Amino acid sequence: MFEVELKDSGLVLTVPADQTLLTTLRRANVDVQSDCEEGLCGSCEVRVLDGEIDHRDVVLTKGERQANNRMMTCCSRARSKKLVLAL
Ligand code: FES
């Protein structure tokens, strides 16, 4: 479980262990594009402003992962307790 704060609205959402970030965002009526929902295509990417990402996609390169500034919401999660997203 981790939290995400949405920078634009100030909304804070909890992502349960059994739910993806993408699902959590959609349940809060936040519209994020998606296609494969398996970490393969890159369409569900969002920018990350703060927090440490647990990358679980196969889209980003090693360097892009280390930059820690964007993530695939369909599969990636957080290593820190909270992420701040540019949404
Ligand atoms: S929907 Fe394809 S990587 Fe997330």
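**Entry 1, around β3.** I looked up Asp50 at the start and found that its bridge partner in β7 is Val84. The model I am reading is a predicted one, and I keep that in mind for every entry below. I then asked how the two strands run: β3 and β7, the latter covering residues 82-85, pair in the antiparallel sense, and two bridges join them.

I turned next to the other pairing of β3 that I had noted, with β5. Strand β3 spans residues 45-50 and strand β5 spans residues 70-72, and three bridges hold this pair in the antiparallel sense. Within this pairing I located Glu45, whose bridge partner in β5 is Met72.

**Entry 2, the core.** Which residues of the largest nonpolar core touch the most other members? The core has 18 residues, and I noted Val48, Met72, Leu83 and Leu85 as the ones with the most such contacts. I then checked where the core residues come from, and the elements that contribute two or more are β1 (2-6), α1, β3, β5 and β7. The largest share, three residues, is given by α1. As a general remark for myself, nonpolar side chains in soluble globular proteins tend to be buried together.

I followed Val48 further and listed its contacts, leaving out residues up to four places away in sequence: Val48 touches Ile53, Asn68, Asn69, Arg70, Met71, Leu83 and Leu85. Two of these names, Leu83 and Leu85, I had already written down among the core residues that touch the most other members.

**Entry 3, the loop between α1 and β3.** I looked here for backbone angles that stand out, and I recorded Asn29, which lies in the loop between α1 (21-27) and β3. Its phi is near 65°, a positive value in a residue other than glycine. Is Asn29 buried or exposed? I found that Asn29 has 7 other C-beta atoms within 10 Å, and because 12 or fewer is the cut-off for exposed, Asn29 is classed as exposed.

Glu37 is found in the loop between α1 and β3 as well, and its phi, near 55°, is again positive in a residue other than glycine. For Glu37 I counted 16 other C-beta atoms within 10 Å, so Glu37 is partly exposed.

**Entry 4, a distance.** Finally I looked up Asn29 against Cys74, which stands 45 residues away along the chain, and their C-alpha atoms are separated by 15 Å.

How values were computed. Residues are numbered from 1 along each chain as its sequence is written. This is a predicted model: local features need pLDDT of at least 70, side-chain atom pairs count only at pLDDT 80 or more; totals for chains, interfaces and linings use all residues. Two strands pair if DSSP finds at least two bridges between them. Helices (H or I, at least four residues) and strands (E, at least two) are DSSP runs, numbered from the N terminus. A residue is buried if 20 or more other C-beta atoms lie within 10 Å of its own, exposed if 12 or fewer, and partly exposed in between; C-beta atoms are placed from the backbone. A nonpolar core is a set of buried Ala, Val, Leu, Ile, Met, Phe, Trp, Tyr and Cys residues joined through C-beta atoms within 7 Å. Two residues are in contact if their C-beta atoms, placed from the backbone, lie within 7 Å.
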